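Here are my notes on the model you sent, set out as numbered points. Please read them with the structure open beside you.

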Amino acid sequence: MSLKTMKPAGLHLLLVHLILVLALFSAEFSWYWVGLAVASYYLRMFGITAGFHRYFSHKAFKTNRIFQFILGFIGTASIQRGPIWWAAIHRHHHRHSDTELDIHSPVTKGFYESHMGWVFNRSHKNVDLPTVDDLTKFPELRWLDKYYLVPPAIYGLALYAIWGWQGVLWGGLVSTVALWHGTFFVNSLTHVFGSRRFNTKDDSRNNWFVALLTLGEGWHNNHHFYPRSVRQGFTWWEIDISYYILMVFHKIGLITDAKGVNVDHLLERAKTKG
Ligand SMILES: [Zn+2]
Ligand SMILES: [Zn+2]
């Protein structure tokens with residue numbers, strides 16, 4: 001499959017920001033709509049954290065093909081392109097974290113470039129497909145990557161069918177822009193602000209603020225130290241909602257082989273190494 005025909009995602013990023021600003025003039029404020037925006041945000045954030053990140057990028061657990069597609073569909077509804085492109089970009093980040101080759105390192109490229117500037121860089125439009133051949137073998141995942149605007153369009157139509165224009169505005173536009181920046185904060189903030197438990201070769205940090213915004217992805221120093229772990233918050237106070245939900249899925253058999261981590265051993269190891 002060729003991803004060369006894809007347009008740069010940055011155009012959609014700009015367009016949706018612009019439409020949101022214009023659409024806000026017709027917004028009706030109510031806590032109900034705020035609730036819808038928050039629910040839509042966290043539903044799709046789960047598609048990004050549990051789906052695009054822990055499953056597609058890191059293979060932290062296994063699942064059946066139908067649930068794999070559902071995770072891919074929900075993640076793609078976030079308008080962050082498809083699971084194959086996302087995983088390829090993310091695996092590249094882990095291979096080259098905070099070096100000149102890292103596409104979105106705040107350490108080498110600064111805040112703006114790491115947050116969203118990199119999205120506009122056309123050279124990231126095509127990815128190194130051999131690094132994601134475990135994903136490209138599924139035609140339905142290739143379809144999601146090729147038609148990555150179809151899931152958001154279906155999502156938007158569903159919002160319209162249930163709630164009308166205010167539903168599209170709050171559950172779609174407001175929620176999606178917030179979701180983008182929540183996701184981008186993992187790149188721009190958690191390699192600069194927070195604490196370092198493990199002496200990783202990058203500058204990754206554990207950041208509680210980003211963890212709350214992203215259902216647990218803020219425990220980024222833990223994650224860089226042990227990327228294949230389904231769990232990213234290593235202590236009881238490191239809130240990791242994606243992990244808790246995935247454990248429920250594991251209990252009911254929806255996912256299997258969740259790659260655990262010997263937290264006590266790792267915490268002890270971090271202590272002895274200072
Ligand atoms: Zn990172
Ligand atoms: Zn990762």
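1. I begin inside the fold, at Ala87, which touches Phe52, Phe56, Ser57, Val132 and Leu135 when residues up to four places away in sequence are left out of the count. Please bear in mind throughout that this is a predicted model, and that the values quoted here are computed from it.

2. Ala87 also appears, together with Ile84 and Ala88, among the residues with the most contacts inside the largest nonpolar core, a set of 40 residues. At least two residues of this core come from each of α2, α3 (65–76), α4 (83–96), α8 (139–146), α9 (150–163), α10 (165–188) and α13. The helix that gives the most is α2, with 9 residues. Apart from this there is a second, separate core of 8 residues, which includes Phe185, Val186, Leu189 and Ala211.

3. The packing of helix α2 (residues 31–57) on helix α13 (residues 241–251) deserves a look, since the two axes come within 10 Å and cross at roughly 75 degrees. Angles of 65 to 115 degrees count as roughly perpendicular, and α2 and α13 are therefore described as roughly perpendicular to each other. On the α2 side the contact is made by Phe46, Thr49, Ala50 and Arg54, and on the α13 side by Ser242, Ile245 and Leu246. By type, the residues of this contact divide into 4 nonpolar, 2 polar and 1 charged.

4. For the chain as a whole, the model shows 14 helices and 2 strands. The radius of gyration is 18 Å, which agrees with the value near 19 Å that a compact globule of 274 residues would have. Taken along the principal axes, the C-alpha atoms fill a box of roughly 55 × 40 × 40 Å. Of the 274 residues, 43% count as buried, and among contacts between residues at least 6 apart in sequence, 66% join residues at least 24 apart.

5. Two aspartates have a positive phi, and I would set them side by side when checking the backbone. Asp98, in the loop between α4 and α5 (106–109), has a phi near 60 degrees, a positive value in a residue other than glycine. Asp257, in the loop between β2 (255–256) and α14, has a phi near 50 degrees, again positive in a residue other than glycine. Is each of these residues buried or exposed? Asp98 is buried, because 20 other C-beta atoms lie within 10 Å, whereas Asp257 counts as exposed because it has 12 C-beta neighbours inside 10 Å.

6. Val119 is placed in the loop between α6 (111–115) and α7 (133–136), and this loop residue counts as buried because it has 22 C-beta neighbours inside 10 Å. Its C-alpha atom is separated by 21 Å from that of Pro130, which is 11 residues away along the chain.

7. My last point concerns Asp264, which lies in helix α14 (residues 263–272). Asp264 is exposed, because 9 other C-beta atoms are found within 10 Å. Asp264 and Phe234 are 30 residues apart in sequence, while their C-alpha atoms are 8.6 Å apart in space.

How values were computed: Residues numbered from 1 in each chain as written. Chains lettered and ligands numbered in written order. Predicted model: local features only at pLDDT ≥ 70, side-chain atom pairs only at ≥ 80, totals over all residues. Helix = DSSP H or I, 4+ residues; strand = E, 2+ residues; numbered from the N terminus. Axes fitted to C-alpha atoms, helices over the stretch in contact; angles between N-to-C directions. Parallel < 35°, antiparallel > 145°, perpendicular 65-115°, else oblique. Contact = placed C-beta atoms within 7 Å. Nonpolar A, V, L, I, M, F, W, Y, C, P; charged D, E, K, R; others polar. Core = buried A, V, L, I, M, F, W, Y, C linked by C-beta atoms within 7 Å. Rg over C-alpha atoms; globule rule 2.2 N^0.38 Å.
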